[in-house]
Amino acid sequence: MMSSNKNEQTVAAAAGFDQPLLLTYTQDIKGFLLKHLGRIVLFVLTCTSVLAVFLIFLFVILEAFPFLNRFSIVEFLTSTAWYPSAHERPEFGVLALIVGSIYVTITALVFSVPIGILAAVFLSDMISFQVRGIVKSIIEILAAIPSVAYGFFAVLVLAPWLQKHFGFPTGTNALNASLLLSIMALPTIISVAEDSISATGRELREASYALGATRVETMFKVVIPAAHSGIIAAIVLGMMRAIGETMVVWMASGNASQVPHPWWDLSQSVRTMTATIAGDMGETEKGSDHYRALFAIGLLLLVMTFMLNLVSEYFLTRAKKSMGKS
Amino acid sequence: MKASGRVILDKVFTVITGLSVILLIIVLLVILGPMLWRGLSAVAFKGTVEFRKMQLAEFGQGDESAVHIETAKAETAQKTVYEMIDRFKNGVDFEKLADRAKDIYRDFGEELQRKGLPREEYTELRSLSRKIRNELTAAFSSRDIGEINEHIDFVLKYSSDSRFEGTVASQFFRMAKDYRDAAANIDLEKRDEYASELAELEEIIKGLFGPHPEEDSPALAQFRYGATRWDQAQNLLYRLRWKEKWVEQEPGQPLVKIAVSRAELFAGTELEGLFGFVEMNLGRMLLPRWTFYWRYFVDDSTPGHYFGGVGPEILGTLMLTLLSMIFVVPFGVISAAYLAECARDNLIIRIIRMCINTLAGVPSIVFGLFGLAFFVLFFLPLFGAPSKPCILAGSLTLAVLTLPVMIRSSEEAIRAVPQTYKEASLALGASSFRTFVTVTLPAALPGILTGVILSLSRVAGETAPILFTAGIAVGPVPKSIFQTTRTLSYGSWDMAVADKLAAQVPHNQYGMVVALVLLILCLNALAIILRSRVFKRLKGH
Amino acid sequence: MKRTLCYGLVLMAFVFSTQVIGAEKLHIEGSTTVGPIADGFAEVFKDVYPEVIITVNKSGSGTGAAALVDNRCDIATMSRFMKDKEFKDAITKGVFPVAHAVAMDGVCIVVHPSNPVSALTTEQVRNIYLGKIKNWNQVGGSSSPIVAISRDTASGTYDTFEGFIMKGQKMDSSIEYVSTNPQAFARVKNTRGAIGYVGFGFVQTGVKALTLDGIKPSKQTILSGKYPVSRPLFMFTNGYPELGSTAHKFVTFHLTEIGQEVVEDKGFVPVTNY
């Protein structure tokens, strides 16, 4: 008996079973420290994204602040006269630019939201799983095309075509930019809308069909209202994409810093905030008023997209909550 | 609503939704199709002997002896054309004669300097030869036969002057005599017309065949060769045969373009037959052949992208994107790991997620501004580097731009790893860190790789952030990360709107955009394939 | 496999971080009008002095001046003379700008070749750009709206145009802006009702240059200064460059035969008739 105990003991000692399985932190300081220090290090690294956002805001504000200090913000936001390099009295009114951005974005949404929602419905409800994969891949390809290629198309192909077939005096106008922005916003809208429409679940649809509704009625009266938060989030995300787009509008919108005269006249040139920054930055000297005014426009853009982001977040959480409930 | 009405509405709706997707596909084809077609013509086209000459001389590519044989063959065929033109010119092209007079004057001046004459004699001879030159030039540009003879007589007075004998200046007198004979024979009125038409004609011939074999090679590369592509040659041939003029049809109305046959303009002279001759024999003069210019993706380009390829641009894009990947992958994967594994749903984590989403929504031009303000003007000088745009600043900006994409796709990949893997590992006694590193991460690796490839493709296509942080349109191939670089995206923008010569070489314009689009499409296709395989492996096993 | 990948990455990092040692660099920045001349000179220099790395950046005369003042470039190409403020900035920073006029250029008003209008007065052009004249039939053309195109504001071409024609008045807000000469050329070429202004070197088939105040822009009228909107094109250096240095050769290249040929090939008027 003695020997078997001893055997057990040596076996136990060799296998390290002389210690309890779960060690407290005083018994395994190294493991404890490593684990928690490791977590802290990981946490800090994860916070780089917070740091990045903070730095972006900080540096844009830093560069824009002297300008905002010297010039009246009200005049900045409400005057349409953008003459930053005039010799005697440079004027920095960005209203025409803000209107240009919003005009082009909203027109783009007018084109892309109906098509986007219809396509999302098609993807989620009307085709089989395999075909869905193929179509989703095509939409991803549409999303992957670089904006320079779209701008290329806009300037070299679409602008002459618009001039020839619609008789516009100029082919680089708000319509050109809107069409292209709608193509660029479509993949975002389709994928987010499709996700939320699919997430409404089968029960809702089956209940509706059981009551004798056709597919179109189910879609419009049951599913889309149920997924409305997600769809609104999709639209807002598409809007963010369109407002933030630079190269395409720079090449395709004509860059006339005006508010279009009859407001519905899409054939006039407009200028967006993004195109102004991209176009003017290369030629301004660092530290001049013009340079800081461009940073002020950048700050404006940042604030606008940040608020749109908050709105879309709100709707996305609402969508998730309503999905969670049902 | 009646039942049948509802059914019809339903079917119409189905069709409309299908149409919207078909519209998308059509839009994709309309945008990509012509671009790819025209861009691919930069790589596969009918190249002429000029192309092969250019490749040999500028890039050192091609078989030297074969090119020389071809050049000789082409030149023999072209000789007839040059002879016809020269014969016509001798009576008409006063500008060339005036240039020759200037050359003789200059050469004579150099000869006098070499002779080392005393100062006064040198000045006297020089001013005399200048007077002779001016008289000759006046004779060449005059249209009145009386005036011409006056000038020529003045010049020929000095033909017996011993100081000019045996020197270059004696050519003056030969020119004067030839000219007097020629001027007696041609119609001086039409000479001006012929002169300007001839100048245009010679431009086009120069565009087709390159500079005249006896002329000096021009300084700029784009003028040293004729039409390098058969389609270019065909365009020039059309311009050769037909002159386009804008004529007024009604006063005050827009002018209308009409085409006038150039052969008619030269009716009655020697050159009338030139046009038909060139058209029939262009093949023998240019020796076109199907060429597959795969080196387009490797070669550098001559200034203005007139000849050559997009090699440096591809290299620049690769350098920028790979460097930014090096910066972003560690941060992205580690953040994703933390968010997927250790995060609880408290306020801090929600703030982090909100920041990631904010970062994803910032417009790319604002990233450019941030890159300029922070990386170029603040960060780089901290480390002693010059505060200039460079690849390092550009790739850091792009890394920040693509951080959310990386975090999102990595997190998705890590979450997609089935719980069973993790639980099995923990059950075997591994710590959670070890589990993560040896089990979860390798299983999530294909998904993370997909994310990396998607980020790469996004970064390769971005132009706005590198506009002021790393990109330039013309510059040398970078040898360090502290230099700026050309990239495919910036180059495409430059070729589309900024470059002067680009419009003359549309195949290069489209070629660069297509190179970019193809690069991105290949990366995306790779990501899609990878993802479907991962999906199958993790769910369908 | 993983290890080789790691080593590969480390190697690439090394390769990417090596600095260029010892090669002479010449950085030129500035006007998009003068840029092609600098490009042409750089191209010839590449064959003759291959060990010098010449980079040309075209972003506007204003940027060129600022770059020279900040010592970020060796030569600034500008299609206008330096302004007072730029000179003062330079002097305070210890930079003494020296101008070299390398070519002559004229700012030509161009329209689509189908436009029946072929001559305008300065007054008419000013009114077009002020938005007072909006239709071609008001200046003798057919009835179609005028699409006026202007260059972006740091361009020297814009400055010259503004100085001679706009006489300091601000352009109307409906004017379209393009950022480079080739873009202005492309817009006018593709738009029937367009009017724009480009440098003389950009007047090629596809647009028609107008006679301004009765004087047609050509080599002779620009060189003699008769054409009202003619201007010299400059390269500015910090002080006079050291004789025999590459910068010196670059800024005096326009005096050689090959340099003149390059200037003419690029469509400008050489300063002398060598």
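Start with two domains of chain B: select domain 1 and domain 3, and look at the gap between their C-alpha centres, which lie 74 Å apart. Keep in mind as you go that this is a predicted model.

To colour the whole of chain B by domain, use these ranges: domain 1 covers 3-40, domain 2 is made of 47-81 + 190-300, domain 3 runs over 83-189, and domain 4 spans 311-539. Notice that domain 2 is written as two pieces of the sequence, 47-81 and 190-300.

**Next stop: a tyrosine in chain B**

Select B:Tyr122, which you will find in helix 5 of chain B, residues 119-141. Is B:Tyr122 buried or exposed? The answer falls in between: B:Tyr122 counts as partly exposed because 15 C-beta neighbours sit inside 10 Å, and that class lies between the 12 or fewer of an exposed residue and the 20 or more of a buried one.

Which residues does B:Tyr122 touch, once neighbours within four places in sequence are set aside? Show B:Leu112 and B:Leu117, as both are in contact with B:Tyr122. Then draw a C-alpha to C-alpha line from B:Tyr122 to B:Leu112: the pair is 10 residues apart in sequence and 6.7 Å apart in space.

**Where chain A meets chain B**

Now show chains A and B together. Here 68 residues of chain A are in contact with 66 residues of chain B. On the chain A side, highlight helix 3 (residues 48-70), which supplies the largest share with 10 residues. Try colouring this side of chain A by class: you should find 47 nonpolar, 15 polar and six charged residues.

**Where chain A meets chain C**

Bring in chain C. This contact takes 24 residues from chain A and 22 residues from chain C. On the chain A side, select helix 7 (147-166) and helix 13 (273-281), the elements that give two or more residues. Helix 7 of chain A gives the most, with three residues. Coloured by class, the chain A side has eight nonpolar, 13 polar and three charged residues.

**Last stop: two helices inside chain A**

Hide the other chains, then select helix 5 (residues 95-126) and helix 8 (residues 174-198) of chain A. These two helices pack at an angle of about 35°, and their axes are 6 Å apart. Which hand does the crossing of helix 5 and helix 8 of chain A have? The crossing is right-handed. Finally, colour the contact between these two helices by class to see 21 nonpolar, eight polar and one charged residues.

Methods: Residues are numbered from 1 along each chain as its sequence is written. Chains are lettered from A and ligands numbered from 1 in the order in which they are written. This is a predicted model: local features need pLDDT of at least 70, side-chain atom pairs count only at pLDDT 80 or more; totals for chains, interfaces and linings use all residues. Domain bounds come from an automatic or database domain assignment. Helices (H or I, at least four residues) and strands (E, at least two) are DSSP runs, numbered from the N terminus. Two residues are in contact if their C-beta atoms, placed from the backbone, lie within 7 Å. Ala, Val, Leu, Ile, Met, Phe, Trp, Tyr, Cys and Pro count as nonpolar, Asp, Glu, Lys and Arg as charged, and the others, Gly among them, as polar. Axes are lines fitted to C-alpha atoms, for helices over the stretch in contact, and angles run from 0 to 180 degrees between N-to-C directions. A crossing is left-handed if the near helix is turned anticlockwise from the far one by less than a right angle, and right-handed if clockwise.
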